[in-house]
Amino acid sequence: MEDNEFNELNRARNILFRVLNHEELYDNLIESYVDAKSAMYELSIRSVSDYSSNYNKSHYNRNKLNRLYFNTLNLSKLYLDKHYREIKKENGTKKVKCFSFSITKTQDTLDSVQQQRRLISNSNQDYMLGCQLRNFVQHSSLPVTNYVSGVRFSNKSEQAFAVFHIPLDKERLIQGGIKKNMLVDYSNEIDLHKIMDGYIKAISEIYVENNRLIKDVVDSCVDIINSKKKFIEDNFSKLNYGIDVVDVDKEKRLFSLSLEWFSVVDYLQQKNLHTLHFDNFKHNPYKY
């Protein structure tokens, strides 16, 4: 195998591994948030079935919610920092790190990422506050200090509604470093659940756009490796143990041409195919 052929295969494989890592990070973020939402629904049901109240139970519930939301916010920071990050140099210039640009190496990709960032920043207030919250939980305080649970009765019918929400105190957020102008359009008590739905929605839009931008390069990398694998299979027999790229001089195995592991990416992209508009859904456990 010529050096240029090896370099092409190695580059293609490295790109696909980076895509896998990025997919796994996003999926961890979404699963973490689904766990947080699920915990809220569970605690809401428990508040209806168990009217007793004590400090120990409240402490346990707050701790559970804090672990889940803290984990989600930290995973989101890691994902967004890998997605796009501007680093100021000592001379005043900026260095940009961008996942999709690092894959495609095209200015059009970087322009698309920056355009989407501006659009989301100007249209999604909850996303902007979510970005502030991820800094708040790292440097100031855990997000959940209180929660509201119970039952609300309707004056117009005999139906009752289970209530569970997590209020954020505006003054506490300001004391923790969140800018006042970020909170102007919110009431004194801000609903963490609502903020996070809007925040995750924006991140899911970023994810979907990332996959669109890198798709052609990813497909090309898969074709490069599969084409070489097929060429070897067509020209050589007795390949019962797979096809490896080997450094003959050092008698060292470098990597396999099998892409079975990349099926995880196909699965995750299909699983996370759509943007997440959690706030569009009302959950009704009964068929009326």
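Reader: How is the bend at a residue defined?
Author: Two axes are fitted, one to the seven residues ending at the residue and one to the seven starting there. The bend is the angle between these axes.

Reader: By about how many degrees does α7 bend, and at which residue?
Author: The model is a predicted one. Helix α7 covers residues 192-235. Its bend is about 50°, and the residue is I214.

Reader: What span does α7 reach from its first C-alpha to its last, against the span expected at 1.5 Å a residue?
Author: Helix α7 has 44 residues, for which 64 Å is expected. The span in the model is close to that value, at 61 Å.

Reader: Which residue places a side-chain oxygen by a backbone nitrogen at the start of α7?
Author: The backbone nitrogen belongs to H193. A side-chain oxygen lies within 2.9 Å of that nitrogen, and it comes from D191.

Reader: Where do R212 and E209 lie, and is E209 buried or exposed?
Author: Both residues are in helix α7, three residues apart, or about one turn of the helix. Their side chains form a salt bridge with an N to O distance of 2.8 Å. R212 has a relative accessible area of 52%, so it is exposed. For E209 the value is 17%, which is under the 20% limit, so E209 is buried.

Reader: Which helices does the salt bridge between D126 and K194 tie together?
Author: The N to O distance in this salt bridge is 3.2 Å. D126 is buried, at 10% relative accessible area. The pair joins parts that are 68 residues apart in sequence, because D126 and K194 lie in two helices, α5 and α7.

Reader: How many residues apart in sequence are the parts that K64 and E42 tie together?
Author: K64 and E42 form a salt bridge, with the closest N and O atoms 3.0 Å apart. K64 lies in helix α2 (residues 55-83) and E42 in helix α1, so the pair links parts separated in sequence by 22 residues.

Reader: Is K64 buried or exposed, and what class does E42 fall into?
Author: K64 has 17% relative accessibility and therefore counts as buried. E42 has 29%, which lies between the 20% and 50% limits, so E42 counts as partly exposed.

Reader: How many salt bridges does the structure hold, and which residues are linked in a network?
Author: The structure holds eleven salt bridges. The residues linked in a network of salt bridges are D27, E31 and K271.

Reader: Which residues does L20 touch, not counting those up to four places away in sequence?
Author: L20 sits in helix α1 (residues 3-49) and counts as buried, at 9% relative accessibility. Its C-alpha is 9.1 Å from that of L268, although the two residues are 248 apart in sequence. The residues touched are W261, V264 and V265.

Reader: With which side chain does the side chain of S102 make a polar contact?
Author: S102 lies in helix α3. At 18% relative accessibility it counts as buried. The contact is at 2.4 Å, and the partner is the side chain of R18.

Reader: What is the phi of K105?
Author: Most residues other than glycine have a negative phi. K105 is found in the loop between α3 (99-104) and α4 (107-123) and counts as exposed, at 59% relative accessibility. K105 is not a glycine, yet its phi is positive, at about 60°.

How values were computed:
Residues numbered from 1 in each chain as written. Predicted model: local features only at pLDDT ≥ 70, side-chain atom pairs only at ≥ 80, totals over all residues. Heavy atoms only, no water. Helix = DSSP H or I, 4+ residues; strand = E, 2+ residues; numbered from the N terminus. Buried < 20%, exposed > 50% of the residue type's maximum accessible area, 1.4 Å probe, protein only. Contact = heavy atoms within 4.5 Å. Expected span 1.5 Å × (residues − 1). Polar contact = N/O pair within 3.5 Å; in protein donor to acceptor, adjacent residues only side chain to side chain. Salt bridge = Lys/Arg side-chain N within 4 Å of Asp/Glu carboxyl O.
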